[in-house]
Amino acid sequence: MLKVYNTRTRSKEEFVPIEGNTVRMYVCGPTVYDYPHIGNARSFAVFDSIRRYLEYRGYRVTYITNFTDIDDKMINRANEEGIEVSELAAKFISEYRKIEKQLNLKPATVNPRATEHIDDIVEMVDLIIKNGYGYDVHGDVYFSVPAFDAYGSLSRIPMDELTSGARVEVDENKKDPRDFALWKAEKPGEPSWDSPWGKGRPGWHAECSVMGRHYLGLPFDIHGGGQDLIFPHHENEIAQSAAAYGIEVPVKYWFHNGFLTMDSEKMSKSEGNFSTAREVLDNYDHQAVRLYLVTGQYRQPLDYNAKAVTQAIQSLERIKNAADSIRGRISILERIGSRESEDDKKLAEAAKKVREGFEREMDDDFNTPGALAEIFAFVREINTLVGDVGGAAVLREALAVLTELVGILGVNLTDASATDEGAALTSDTLKGVIEFLLELREEARKSKDFGKADQIRDRLKQIGVEVSDTKDGPTWKLS
RNA sequence: GCCGGUUUGGCGGAGAAGUUUACGCGACAGCCUGCAGAGCUGUUUUACCUGGGUGCAAAUCCCAGAGCCGGCUCCA
């Protein structure tokens, strides 16, 4: 049974989709005004793994994650750089696409953009006014927080506390300091759209309500984002959806990931202590970065530092080595023929066990560190047994299970020779040549000509072919 | 001020009352090996912020305190 922590109820609950085995999920995506930092990347990664696990569990997941391509930050940045807001958006959407690939994020069902849904936003704001929860002041439209009794249900901030909050914006147009903007009147030089209240643009929170409803319908199952979005962003989203469409609980489960800290402090653009995802991905193996991002449970804080990533690199290496050992053993069996043994059964048993353990851990609110522990237990079994396993089918099954499970965590174990580039490098002809060289090397080893044997191994290594010896003969792989 | 979260070994990081170890990284030793890589085994292990309390039994539950991090209309 899958149990998930729901911010709305502050407790772990059994996960039951609203409708059958379909899961409708929305995750707040980036505002495309700058390079995402590694903390943003954490959010992308954990929700990708959550999505993949739900799919593994047999749910049909519709996964929507947006690009916010119009807001104050977008406008300010575009002005600073002297370019159009749309150009700015295009630049950072393409940056996101790169990160998506490098972190092995499964593409969303749809990545809607706020500017593509202005009509829907206008319609929602209009409904909010008509239902008595919003008001227009000279082209600015505000949501009237005091009119909405349930306000604060997600963040659990008492209404009267809000007024004394440290950063309540001073705005003379607002009837109440807690009110927030649904629609902002046009200022000179800003992009704007027509509306019943004059030209203007949407407030920050409007888009997510609208796009969630547009692609998923209300209510939907899961809404995810960083913990910093609980208030005000998600609180306001609930208020908008409820006020406009009369749906009290527009989202069944709210998931919020913990922050990524940098040397124990919150990473934040305004504080200047951050690393962009780009810097990190340029400096470290992409897969290792992805693995690092799920080494902590998603709701806990995770610290970013060089040592933490280095450890992930080593952990990843261990997993990959186990996969390589299996592949190596399969190729040896092709050469020496199968000869099944007791160890075949043990490995098959271990493959079954790891699946159970992995599911048990992931079923507990997506406990990725626990799930990894199960995978490492399996890796040890593989390493212990692989040299004595005699059936290729068992090995293929073990490799398939390992690949599938780490795949949920975002690690792609595909063999280097299975990529296009790798396949070109390892044509049958070339394989034959490598095999022949290894035969020569074996002859040299038998006659104790280790100089010759090492020369062959070294030269192959130089051209990217790594040779390893096992008791049943050598194996090789592309490095 | 008002709300949250967090504190576990050399490091990262699970666990939430009970026998044997989470797991990973690092270090050391042994094994395997012509060598190398990888791997296996063992050690590092009386690890659970402090002080009280409840329990036969507490890292785990309760109370108090301390440290750290964060939210309170820019944020993943």
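This is a short chat about reading a predicted model of protein chain A with RNA strand B.

Trainee: Let's start with the big layout. Into which domains is chain A divided?

Mentor: Chain A has domain 1 (3-257), domain 2 (306-416) and domain 3 (420-478). Take the pair of domain 1 and domain 2: their centres, taken over C-alpha atoms, are 40 Å apart. Their contact draws 13 residues from domain 1 and 16 residues from domain 2.

Trainee: How do I read the size of an interface?

Mentor: People often give it as the accessible area lost when the parts come together. Here, about 1,300 Å² is buried between domain 1 and domain 2, and carbon and sulfur atoms give 53% of that area.

Trainee: On to the RNA. Which residues come nearest to RNA strand B?

Mentor: There are 56 residues around the strand, and Trp204, Gly226, Asp228, Leu229 and Ser315 come nearest. Now look from the RNA side: of the strand's atoms that come within 4 Å of the protein, 66% belong to sugar and phosphate.

Trainee: What kinds of residues make up that surface?

Mentor: The surface near RNA strand B divides into 16 nonpolar, 23 polar and 17 charged residues.

Trainee: Where could I zoom in on single atom pairs?

Mentor: Try lysine 73, where a polar side-chain atom lies 2.7 Å from a sugar or linking oxygen of RNA strand B. Asparagine 40 also faces a sugar or linking oxygen, with a side-chain N or O atom 3.2 Å away. Glycine 39 uses its backbone instead: a polar atom there is 3.2 Å from a base nitrogen of the strand.

Trainee: Next, a helix. Is α9 largely enclosed or open?

Mentor: Count its buried residues, meaning those under 20% relative accessible area. In α9 (residues 286-293), seven of the eight residues are buried, so the helix is largely enclosed by the rest of the structure. Those seven are Gln287, Ala288, Val289, Arg290, Leu291, Tyr292 and Leu293. Check the start of α9 too: a side-chain oxygen of aspartate 285 comes within 3.0 Å of the backbone nitrogen of glutamine 287.

Trainee: And a residue in a loop, such as histidine 117? Is histidine 117 buried or exposed?

Mentor: Histidine 117 sits in the loop between α3 (85-102) and α4 (118-130). Its relative accessibility is 5%, so histidine 117 counts as buried.

Trainee: What does histidine 117 touch, leaving out residues up to four places away in sequence?

Mentor: Pro112, Val210, Met211, His214 and Tyr215. Look at histidine 214 in particular: histidine 117 and histidine 214 are 97 residues apart in sequence, yet 8.9 Å apart in space, C-alpha to C-alpha.

Notes. Residues are numbered from 1 along each chain as its sequence is written. Chains are lettered from A and ligands numbered from 1 in the order in which they are written. This is a predicted model: local features need pLDDT of at least 70, side-chain atom pairs count only at pLDDT 80 or more; totals for chains, interfaces and linings use all residues. Side-chain values use heavy atoms; hydrogens and water are left out. A residue is near a molecule or strand if one of its heavy atoms lies within 4 Å of it. A polar contact is a pair of N or O atoms within 3.5 Å; within protein, one must be able to donate a hydrogen and the other to accept it, and residues adjacent in sequence count only if both atoms are side-chain atoms. Ala, Val, Leu, Ile, Met, Phe, Trp, Tyr, Cys and Pro count as nonpolar, Asp, Glu, Lys and Arg as charged, and the others, Gly among them, as polar. Buried means under 20% relative accessible area, exposed over 50%, partly exposed in between (1.4 Å probe, protein chains only). Helices (H or I, at least four residues) and strands (E, at least two) are DSSP runs, numbered from the N terminus. Domain bounds come from an automatic or database domain assignment. Contact means heavy atoms within 4.5 Å. Buried area is the accessible area (1.4 Å probe) that two parts lose on being put together, summed over both.
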